[in-house]
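I opened this entry to record what I looked up in the structure, beginning with helix packing and continuing with the ligand surroundings. The notes follow the order of my queries.

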Amino acid sequence: MGKPTGFKEFTRQTPSERPASERIENWNEFAVQLPVVELQDQGARCMDCGVPFCHTGGLMANMAAGCPVNNLIPEWNDLVYHDLWSEALDRLHKTNNFPEFTGRVCPAPCEGSCVLGIHEPPVTIKNIERAIIDRGFEEGWVVPMPPKQRTGKKVAIIGSGPAGLAAAAQLNQAGHLCTVYERDDRLGGLLMYGIPNMKLEKETVERRLDLLRKEGVEFVTNTEIGKDISADELKNQFDAVVLAVGSTVPNDSSRRHPGETSRESTWRWSSCMVTPKAFWIRIWKMGITFQQLVKTSS
Ligand SMILES: Cc1cc2nc3c(=O)[nH]c(=O)nc-3n(C[C@H](O)[C@H](O)[C@H](O)COP(=O)(O)OP(=O)(O)OC[C@H]3O[C@@H](n4cnc5c(N)ncnc54)[C@H](O)[C@@H]3O)c2cc1C
Ligand code: SF4
């Protein structure tokens, strides 16, 4: 624990946002990172809990709690407080292949589970995560790390969304030769074609794809498995096949929450109406996708 009194001394600070007059000029990210000293103070707020609920991902009362990839949160909070950013980055990469994505788009169940949150605003975990990896790229600490040895095994990965990319990163590090097949013209799945730029700029996705290429992962776009290449062909050419195809099927709108009428539950999933003429959007229920729609439109 960096500073035993940190959680008493410092209040929670989150990034500011670019002024609206600037934001309407483009679709770029609008969060402005805190200065380094303030990030260190935010790291100092972590209490290094005996039972760090932030770091233990799981379901509590059927709800996601804690970090699903088990990020070593108290450890890198402490390292950031001590200004040891490169060490913090090593710790972050131990559990997370793409912290530059999660530090921007993850809904942060870690913060919802932070013990400090019981009586104070929680530690700004997600923003610290983003600051660590952004600093890593700025300082040139994030470099391609091809595996030292190859196993001679070949793996085909179908789908280039975050699941497929993480599988490729891990299996490539283990020494297997990975080829990722993507039916779209660009790689990244919903990182590329779902999450808007204001939250995740596409250069950020391309930067990681370049690293993966330099580490030896091969990518094939505009190729739909099952149509352009058959499953049997793939099985003959590769030692293993990973399916990471995501879903194009929306949530079942007939599924209801307790007490919800069927009308309400339908609106929950299809509750957005855009009228281009008047440039207004009506939202009935505010899920993550709709928040992004509103932010992109405004
Ligand atoms: C609009 C929108 C906004 C979102 N915002 C957020 C957010 O802010 N934060 C967050 O955490 N999550 C967000 N999500 C959810 C998140 O994007 C998904 O949970 C995540 O991308 C799923 O990853 P995946 O790799 O499983 O699938 P996908 O990202 O869907 O990737 C699957 C890929 O497989 C490809 N594929 C499928 N079948 C084949 C085939 N036969 N051959 C070749 N390729 C194939 C598809 O073309 C696709 O590119 C959002 C989703 C949407 C739609
Ligand atoms: S739960 Fe909060 S205060 Fe406790 S270790 Fe995790 S981030 Fe720090």
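**Helix H4 and its partners**

I began with H4 and helix H8 (residues 125–139), whose axes come within 11 Å and cross at roughly 65°. I noted that the model is a predicted one. The crossing of H4 past H8 is left-handed. I then listed the residues that make this contact: Ile 73, Trp 76, Asn 77 and Val 80 on H4, and Ile 125, Ile 128 and Ile 132 on H8. I sorted them by class and found six nonpolar residues, one polar and no charged ones.

Next I turned to H4 and helix H5 (residues 85–95). These two pack at an angle of about 170°, and their axes lie 8 Å apart. H4 and H5 are therefore roughly antiparallel to each other, since angles over 145 degrees count as such. Here, too, I recorded a left-handed crossing of H4 past H5. From H4 the contact draws on Glu 75, Trp 76, Leu 79 and Val 80, and from H5 on Trp 85, Glu 87, Ala 88, Arg 91 and Leu 92. The class count for H4 with H5 came to six nonpolar, no polar and three charged residues.

My third query concerned helix H3 (residues 36–44). The axes of H3 and H4 come within 7 Å, with a crossing at roughly 140°. That angle makes H3 oblique to H4. I entered the crossing of H3 and H4 as left-handed. On the H3 side, I found Leu 39, Gln 40, Gly 43 and Ala 44 in the contact; on the H4 side, Asn 77, Asp 78, Val 80 and Tyr 81. The residues of the H3 contact with H4 divide into four nonpolar, three polar and one charged.

I checked Val 80 across these lists: this H4 residue appears in the contact with H8, in the contact with H5 and in the contact with H3. Trp 76 of H4 is listed in the contact with H8 and in the contact with H5.

**Ligand surroundings**

Which element gives the most to the shell around ligand 2? I found that it is H4 (residues 73–81), with three residues. In total, 15 residues surround ligand 2, and Cys 46, Cys 49, Pro 52, Cys 54 and Cys 114 are the closest. By class I counted 13 nonpolar residues in the shell around ligand 2, with one polar and one charged.

For ligand 1, I obtained 29 surrounding residues, of which Gly 159, Gly 161, Gly 189, Leu 190 and Gly 246 come nearest. The elements that give two or more residues to the ligand 1 shell are helix H9 (162–173), helix H10 (190–193) and helix H14 (288–297). The shell around ligand 1 holds 14 nonpolar, ten polar and five charged residues.

**Confidence**

Lastly, I looked up the pLDDT. The chain averages 88, and 84% of the residues score at least 70. I marked residues 261–279, where the pLDDT is below 50; beyond near neighbours in sequence, this stretch has 27 contacts in the model.

Note on methods
Residues are numbered from 1 along each chain as its sequence is written. Chains are lettered from A and ligands numbered from 1 in the order in which they are written. This is a predicted model: local features need pLDDT of at least 70, side-chain atom pairs count only at pLDDT 80 or more; totals for chains, interfaces and linings use all residues. A residue is near a molecule or strand if its C-beta atom, placed from the backbone, lies within 6 Å of it. Helices (H or I, at least four residues) and strands (E, at least two) are DSSP runs, numbered from the N terminus. Ala, Val, Leu, Ile, Met, Phe, Trp, Tyr, Cys and Pro count as nonpolar, Asp, Glu, Lys and Arg as charged, and the others, Gly among them, as polar. Axes are lines fitted to C-alpha atoms, for helices over the stretch in contact, and angles run from 0 to 180 degrees between N-to-C directions. Angles under 35 degrees count as roughly parallel, over 145 as roughly antiparallel, 65 to 115 as roughly perpendicular and the rest as oblique. A crossing is left-handed if the near helix is turned anticlockwise from the far one by less than a right angle, and right-handed if clockwise. Two residues are in contact if their C-beta atoms, placed from the backbone, lie within 7 Å. pLDDT is the predictor's confidence in each residue, from 0 to 100.
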